[in-house]
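Me: I'm new to this structure and would like a close look at a single part: the salt bridges, with the surroundings they sit in. Could you walk me through it in one go?

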Amino acid sequence: MPEDLNWAIGGEAGDGIDSTGKIFAQALSRAGRHVFTSKDFASRIRGGYTAYKVRTSVDRVESVVDRLDILIALTERTIHENEDELHEDSVIIYDGERSTMQDVEVPHGATALEVPLKRLAEDAGGAIMLNVVALGAACEVTSFPIENLDESLQKRFGDKGEAIVENNKQAARMGQEYVQEEYDQSFDYSMETTDADYVLLNGDEAIGMGAIAAGCRFYSGYPITPATDVMEYMTGRVDQYGGKVVQAEDELSAINMALGAARAGARAMTATSGPGIDLMTETFGLVATSETPLVICDVMRSGPSTGMPTKQEQGDLNMTLYGGHGEIPRFVVAPTTVSECFWKTVEAFNLAEKYQTPVFLVSDLAMAVTEQTFSPETFDMDEVEIDRGKVVDEDEIDAWLDEQGRFQAHFPAADGVSPRAFPGTADGAHMTTGLEHDELGRRTEDTDVRIEQVDKRQRKVETAREQENFDYREFGDPDADTLVLSWGSNEGAMREGLELLDEEGYDVRFVSVPYIFPRPDLTDEVAAAEKVIVVECNATGQFADIVEHDVLERVERINKYNGVRFKADELATEVKQTIDSDSGTQEVEAE
Amino acid sequence: MSSDVRFTDFKSDKQPTWCPGCGDFGTMNGMMKALAETGNDPDNTFVVAGIGCSGKIGTYMHSYALHGVHGRALPVGIGVKMANPNLEVMVAGGDGDGYSIGAGHFIHAVRRNVDMSYVVMDNRIYGLTKGQASPTSREDFETGTTPDGPKQPPVNPKALALSAGATFIAQSFSSDAQRHAEIIQQAIEHDGFGFVNVYSPCVTFNDVDTYDYFRDAIVDLDETDHDPNNRDQAKDKILESDKEYMGVLYQNEDSVPFEQREGIDSSMAEIPDGAPEGAMDLVREFY
Ligand SMILES: Cc1ncc(C[n+]2csc(CCOP(=O)(O)OP(=O)(O)O)c2C)c(N)n1
Ligand code: SF4
């Protein structure tokens, strides 16, 4: 378990919580410390509680825990919201001169540092910098060299001019000095720095970066939390590589535009979240029957309906697996970590083009908003491979023309994959349609042709099963009696949970599954275990259901659906209780 | 593009299953003529079709083509054109497809002004689902689903287009082969979104908006002193709800297509074998 420190800043939306948190996270990352961030936010622009949390250590951090060491509270509510995570060594920094913070009660014997944030900020050049004063105070408490803040302040405010940057540096120092002078005690916290150079990014950014690296040139989408960051990341950047981001009028348009671009030969993607996926559903079948390569990304949030837009959930698994009428051959890939968001996106484009099918890239809010540090080589661009599948050009097209010289875009090849001619290719003109069609793309209701084409499309999945490595990631003790299975962003919490369990003498094997369809065969793994527990952020256990379906055996479930991601210590406790219980389903109570 | 392309090169070997006499035959012939006339060939042309009797057009033509889902043809066309501006993109569909289920996309496609043409086969009825009221049906037009008429005024697609900032609005009549082909040709040649509402009678389910009706009612703008570059004149003509016009109602000669404004000038299909040159810069941004 890392020697970690848990830090947070909280206040009202509109207080600059996010940018302040990010400045601090970046400073830590620049100082060679690992960072894992999480956010509590509400679906409103101003007002309402919001917090940015940073867990940091010199070792890698992969999850959040139920503990808060340093809290910058811009509102009294921030303290209440985090009461359970505070402890006797916690330090709370707040502005005791604010009228609303007069009667603050500090819980669990924590230390209260009253720092006149606003007054000091005004002295430094403007009340708006009060958050930065607080950062300076936090540097003092943790003995974190304040110079590290300077670079992130430069990055954040550089555009606004040197004077602003200097004022901010000054504000930070005033916070630092105030604590130094007024509280001549030493605190238990210190933050070592290292020489490591890390990059700090979140899951949405990793998906956008992966898409550009993979040659995606066309992105169309409609804004929705928490997928919008993918779109924002790609906007402007993809242009530098000859591409374009288009903000469509709705998700129906977004997926159809992306489909059009893909048919024109571009690598294309759309990303959305639950309600948007619902709207796109009719087009899933069209993508599959027209055999168009398309990456459709669903960054899940809490549903159903508009649910809790800013809260975590993994409730769309069935939707991406089964959404759409009729039977739709497809792939469903679900990255399990922020860095995997990058690599699985690259893979999604290759799968889409190799098999000319929709590929669902399923991520979730917890990953989308989590920033994590990585060594830059984690995203080694030389490792990116691009496979465009069976694209034929002018010279090769003859092999795919029928006796009448017509291009057989839906030729029922043995592996299920037909040749593909980008529009503009001489002699390649052909029809394609959502209607059942023959090998030329012409509408048909001929019973034999129908069967031939359905079988042909389904064969792609079989071919992919043979050719691709739809594997899982494994952690813990391979011979343990207890097997924990999970998908999506739970991997980090469970990995750390394993260490906690190990300390208490519980041996656990953990398998994290990034491929939902096709997926690895888990029959042997399940058979080898005495107890199988499936961990996921939804109420009904959608992944547990498919595991049971595959292995024809009951599994136990840990489900969390209160909108908050799993925390490592909490998850370890849940697993422990499930192991100790004789049988039956365990569920985490919604908080 | 080869110069010896004839309009029959755009014909597929599939025989249309439209009812004998359906207006869509004429509409399609004019589209093929116009495509050939403007120097296109099937290998550089992409036809996107909607759903309906009208939408079957893609099947009977020969080109790169996609027949999509109901109402969503326009976004597909926009995606195709943006990903490869070298292609000639034509979108076709019915009045139900374009002005009902796809009405939202219509307005936004007009606003976006991508360089493509949009041909709506307006028969003032739902043909393929066997005769229900469409958004352009008359207020008192009796159908199985509207026994006393829709009791709502018909939409005026040209007015919608004009108010959304259209740069080209025209109307034609499928049985006037010569004029129809000319009008479609003008839409293709227009630098931007060329919208043509085509009266394309349904001989099976609409006994009001017939060939005879249109033949009597239609006024050719070429035989009037209408100036299509004058937006006010265009507005007046478009708002005359009791008149049926043929010809270009409005054209903005200064139109600059969206993809040009966005700086897209080449196909997005060409990509390197691995990550693009200098892609590590994408990572370094996160320092
Ligand atoms: C989502 C969806 N809803 C309904 C239909 C059924 N449908 C097929 S064609 C059509 C109406 C077509 O009318 P129009 O666009 O006027 O074309 P026409 O057949 O008259 O040429 C409808 C409602 C469908 N295919 N998809
Ligand atoms: S039903 Fe009407 S629109 Fe459809 S093919 Fe027959 S005549 Fe044409």
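Reply:

**Salt bridges and their surroundings**

Lys344(A) forms a salt bridge with Glu340(A), and the closest N and O atoms there are 2.8 Å apart. Keep in mind as we go that this is a predicted model. Both partners sit in helix H12 of chain A, which covers residues 338–355, and they are four residues apart, about one turn of the helix. That spacing fits a simple rule: an α-helix has 3.6 residues a turn, so residues three or four places apart point the same way. Lys344(A) and Glu340(A) are both buried, too.

Now for a pair that reaches much further along the chain. The side chains of Glu62(A) and Arg495(A) meet in a salt bridge, at 3.9 Å from N to O. Glu62(A) is in the loop between S3 and strand S4 (70–73) of chain A, while Arg495(A) is in helix H15 (residues 491–503) of chain A, so this pair ties together parts that are 433 residues apart in sequence. How exposed are the two ends? Glu62(A) has a relative accessible area of 17% and counts as buried, whereas Arg495(A), with 29%, is partly exposed.

Another pair to look at is Arg406(A) and Asp402(A), whose side chains meet in a salt bridge at 2.9 Å, N to O. Asp402(A) is buried, with a relative accessible area of 10%. Back to the earlier pairs: which residues do salt bridges with shared partners join into one network? They are Arg60(A), Glu62(A), Glu340(A), Lys344(A), Glu347(A), Arg473(A), Glu491(A) and Arg495(A). So the helix pair Lys344(A) and Glu340(A) and the long-range pair Glu62(A) and Arg495(A) belong to one network. Over all chains, the structure holds 60 salt bridges.

Some of those bridges cross between chains. The rule finds five salt bridges across the interface of chain A and chain B. One you can look up is Arg237(A) with Glu285(B), where the side chains meet at 2.6 Å, N to O. The rule also finds 24 residue pairs in polar contact across this interface, with both residues at pLDDT 80 or more. On the chain A side, the elements that give two or more residues include helix H8 (228–237), helix H9 (251–263) and helix H10 (274–289). H9(A) gives the largest share of that side, eight residues. By class, the side of chain A that touches chain B has 32 nonpolar, 17 polar and 19 charged residues.

How many residues are in contact here? For chain A it is 68 residues, against 50 residues of chain B. The two chains bury about 4900 Å² between them, and 65% of that is on carbon and sulfur atoms. In chain A, Glu249(A), Ala429(A) and Met431(A) lose the most area to chain B, together 12% of what that side buries. There's strand pairing across the chains as well: S15(A) and strand S2 (residues 64–67) of chain B run parallel and are joined by three bridges. Within that pairing, Thr432(A) stands opposite Leu66(B) in S2(B).

Helix H7 of chain A (residues 203–213) is among the elements that give two or more residues to the side touching chain B. All of its residues, 11 of the 11, are buried, so H7(A) is largely enclosed by the rest of the structure. The buried residues include Asp204(A), Glu205(A) and Met209(A). At the N-terminal end, Asn202(A) caps H7(A), with a side-chain oxygen 3.1 Å from the backbone nitrogen of Asp204(A). After the helix comes Gly215(A), whose phi is positive, near 90°.

One more charged residue is worth a stop. Lys456(A) lies in helix H14 (residues 447–467) of chain A. Is this lysine buried or exposed? Lys456(A) counts as buried, because its relative accessibility is 0%. Its side chain reaches the backbone oxygen of Gly416(A) at 3.1 Å. Leaving out residues up to four places away in sequence, Lys456(A) touches Glu291(A), His410(A), Phe411(A), Pro412(A), Gly416(A), Val417(A) and Ser418(A).

Key. Residues numbered from 1 in each chain as written. Chains lettered and ligands numbered in written order. Predicted model: local features only at pLDDT ≥ 70, side-chain atom pairs only at ≥ 80, totals over all residues. Heavy atoms only, no water. Buried < 20%, exposed > 50% of the residue type's maximum accessible area, 1.4 Å probe, protein only. Polar contact = N/O pair within 3.5 Å; in protein donor to acceptor, adjacent residues only side chain to side chain. Contact = heavy atoms within 4.5 Å. Buried area = accessible area lost by both parts, 1.4 Å probe. Salt bridge = Lys/Arg side-chain N within 4 Å of Asp/Glu carboxyl O. Nonpolar A, V, L, I, M, F, W, Y, C, P; charged D, E, K, R; others polar. Pairing = 2+ DSSP bridges.
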